[in-house]
Amino acid sequence: MPGKEMTTNPVVVTIENPSVEIDFSNSNTNTNSSFFPDKQKASSPKQFTWVLVIKAYRALYYLALGMKATFLSAKKRILLSEVSQEEEEEARTRGKLYRFLRAFLAISMVALVIEIVAHYKKWNLGLIHNPWEIMGLVQWSYMAWLSFRVDYAAPTLIMLSNLCIVLFMVQSIDRVVQCIGCFWIKCKGLKPELVGGEEEEASDVEDGSRFPMVLVQIPMCNEGEVYDQSIGAACELDWPRDRFLVQVLDDSDDENIQNLIRNEVWSWKQKGVNIIYRHRFLRTGYKAGNLKSAMACDYVKDYEFVTIFDADFQPSPDFLKRTVPHFKGNPELGLVQARWIFVNKDENLLTRLQNINLCFHFEVEQQVNGMYLNFFGFNGTAGVWRIKALEDSGGWLERTTVEDMDIAVRAHLNGWKFIFLNDVRALCELPESYMAYKKQQHRWHSGPMQLFRLCLPDILHSKISMGKKFNLIFLFFLLRKLVLPFYSFTLFCVILPLTMFIPEAELPLWVVCYVPIFMSFLNILPSPKSFPFLIPYLLFENTMSVTKFNAMVSGLFQLGSSYEWVVTKKTGRASESDLVALGERESMNSGQEKLTRRLSESGLEMLRKEKEEAVPVGKKKNMIYRKELALAFLLLTAAGRSLLSAHGMHFYFLLFQGLAFLAVGLDLIGEQIN
């Protein structure tokens with residue numbers, strides 16, 4: 001009431017019988033723990049459990065959000081993507097491989113659903129003693145499948161898997177032997193030596209009395225991005241001007257590119273370089289037809305050697321001085337092959353993985369075969385041929401898409417020897433988009449099978465030794481060109497998913513994990529900086545097996561796509577290093593008169609400006625690849641079945657391999673195209 005002082009009520013504690021009532025209205029609630037210490041200790045494990053449950057719930061929640069975001073991103077990518085031209089053609093021709101994968105996927109998904117039902121209902125063939133115990137059509141079908149699986153499916157799959165494992169181990173042994181040979185070469189410092197010792201340096205490069213005549217050929221087709229760098233590098237070769245001729249063999253059907261190349265040739269001709277421009281109106285025979293047409297010129301008879309550079313290759317100025325002398329005093333030598341190095345090997349994940357493969361190819365395969373067998377497949381560029389060896393072997397033929405391997409095999413059958421120079425290197429460019437790489441790999445794996453069918457009678461009836469015949473037939477063609485893509489696709493993309501539904505034929509862990517990792521480790525040894533990409537390389541190689549297998553089959557049975565030749569798309573990134581390389585060359589040869597290229601005159605800057613001004617930059621489009629997507633969902637389905645059986649490492653392999661196929665199928669690796 002007003003006028004009276006406010007008084008505070010005291011805390012009243014009332015004790016009735018055994019109970020205690022305490023009023024904490026004005027006290028801090030944190031004192032709760034001080035009144036009941038025993039109760040706090042008893043509740044700690046429960047609180048800890050609840051904390052773990054909450055954290056697990058949050059982890060699952062964020063995982064679900066991540067999976068949802070990935071699914072939506074993939075869905076958006078598919079909706080905005082375009083089917084590649086290759087896939088459209090296969091859709092029209094109803095490719096058998098894609099239909100097989102699609103049917104395989106549908107059956108696997110149905111089987112997974114049934115397996116999940118059987119897992120939770122605990123259906124087991126061993127627990128059924130009376131057929132009348134089976135309830136329902138689904139259970140009856142599942143029991144019938146179990147009986148068929150044990151009696152027929154498992155033994156057949158075991159036989160097929162054993163065959164693939166044997167092929168896998170034979171191919172692995174071959175690769176280990178090659179690595180041992182490469183290791184021995186490195187330890188002993190072995191390399192091809194010049195006959196008669198080192199050649200004396202020329203006192204005057206214009207005195208061509210002891211320099212043989214060399215023909216330099218640059219075949220190209222619509223190479224608007226890189227034509228200038230290859231022509232310029234060829235014209236800068238350190239060789240007497242009157243002792244070599246540069247042939248620019250242009251198959252372009254774009255008049256603008258023809259004019260640019262023609263102007264580039266004219267610019268170098270004005271500087272005193274012996275260079276000519278040849279253009280074919282009909283592009284018959286692709287690269288082989290182009291080279292064959294150039295070799296038919298009358299003036300070719302005046303030349304002793306011919307070297308070939310593709311449009312994106314930039315040889316060093318001393319290329320001829322380091323390769324041609326090997327022919328002196330060695331009349332049986334028909335080919336000297338140099339190594340490739342790549343200007344864009346670190347551009348993206350795709351180029352890094354390609355660099356691993358090609359480093360192993362040159363450092364191990366080419367070097368070992370050249371050192372111990374005097375034979376290897378010509379790489380089509382950055383090599384010097386004795387023209388007499390080409391003529392004795394029948395010249396360039398248009399019968400396959402691997403004209404380089406064709407001429408190498410025929411020259412070997414005629415007794416010519418080959419040398420590989422690992423320390424002589426030519427700068428070039430790797431495909432940066434998956435579509436360009438896929439088309440390149442299709443040509444590289446279908447062509448050898450075409451060639452094998454055509455060359456097998458000639459190999460059997462040739463006069464070479466039985467050891468060389470064995471090397472050509474069983475190692476060069478069958479093991480490395482046919483067996484490798486066959487077992488890689490069959491074992492890891494077909495048999496392994498099947499074993500998840502047929503556990504009686506389960507693959508051992510050393511086949512799925514240990515041996516593939518060890519072989520991938522050997523592949524990466526020539527490029528040690530690529531060790532962080534060991535697992536991506538293993539997964540990507542298995543992913544590429546579907547393309548290689550399809551190409552191998554099409555080449556072996558002469559299907560339509562085996563004769564397809566698509567020029568690998570270049571970006572011209574090698575031209576960015578021209579000025580640096582040119583400066584290094586000038587600093588090393590400052591005392592000699594050198595031909596220099598002015599970048600503005602070469603047309604490079606003009607071409608870039610014309611592209612920026614005349615042609616608007618198009619939006620990059622992703623493609624989708626149906627075979628890879630079908631295999632992605634197939635492997636992920638098999639991973640789900642593996643999870644039910646708690647297969648451990650098999651599950652992780654299938655999961656990550658399926659995700660790798662998914663990334664490739666959605667064109668998430670490498671550059672996209674404009």
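**Exercises on strand S11, the nonpolar cores and a helix crossing**

In this predicted model, Gln314 stands opposite Leu427 in S11.

**Exercise 1.** Determine how strands S8 and S9 pair with S11.

*Solution.* Begin with S8 (residues 314-315), which is antiparallel to S11 and joined to it by two bridges. The pair Gln314 and Leu427 belongs to this side, with Leu427 lying in S11. Next take S9 (residues 333-342): its pairing with S11 is parallel and extends over nine bridges. On S9, Leu333 has Lys417 of S11 as its bridge partner.

**Exercise 2.** Establish why S11 is described as largely enclosed, and state what S11 gives to the largest nonpolar core.

*Solution.* Strand S11 spans residues 417-428, and nine of its 12 residues are buried, so the rest of the structure largely encloses it. The largest nonpolar core comprises 86 residues, and Phe418 and Val409 are among those with the most contacts inside it. S11 contributes seven residues to this core, the most of any element. Leaving aside residues up to four places away in sequence, Val409 touches Phe375, Leu451, Cys455, Phe476 and Phe477. A second core of 57 residues is separate and includes Leu97, Cys179, Ile502 and Val546.

**Exercise 3.** Classify the crossing of helices H10 and H15, and describe their contact.

*Solution.* The axes of H10 (residues 349-372) and H15 (residues 509-524) come within 8 Å and cross at roughly 75 degrees. Angles of 65 to 115 degrees count as roughly perpendicular, and H10 is therefore roughly perpendicular to H15. In the contact, Ile356, Asn357 and Phe360 of H10 meet Leu522, Asn523 and Ile524 of H15. By class, four of these residues are nonpolar, two are polar and none is charged.

Definitions and conventions: Residues are numbered from 1 along each chain as its sequence is written. This is a predicted model: local features need pLDDT of at least 70, side-chain atom pairs count only at pLDDT 80 or more; totals for chains, interfaces and linings use all residues. Side-chain values use heavy atoms; hydrogens and water are left out. Buried means under 20% relative accessible area, exposed over 50%, partly exposed in between (1.4 Å probe, protein chains only). Helices (H or I, at least four residues) and strands (E, at least two) are DSSP runs, numbered from the N terminus. Two strands pair if DSSP finds at least two bridges between them. A nonpolar core is a set of buried Ala, Val, Leu, Ile, Met, Phe, Trp, Tyr and Cys residues joined through side-chain atoms within 4.5 Å. Contact means heavy atoms within 4.5 Å. Axes are lines fitted to C-alpha atoms, for helices over the stretch in contact, and angles run from 0 to 180 degrees between N-to-C directions. Angles under 35 degrees count as roughly parallel, over 145 as roughly antiparallel, 65 to 115 as roughly perpendicular and the rest as oblique. Ala, Val, Leu, Ile, Met, Phe, Trp, Tyr, Cys and Pro count as nonpolar, Asp, Glu, Lys and Arg as charged, and the others, Gly among them, as polar.
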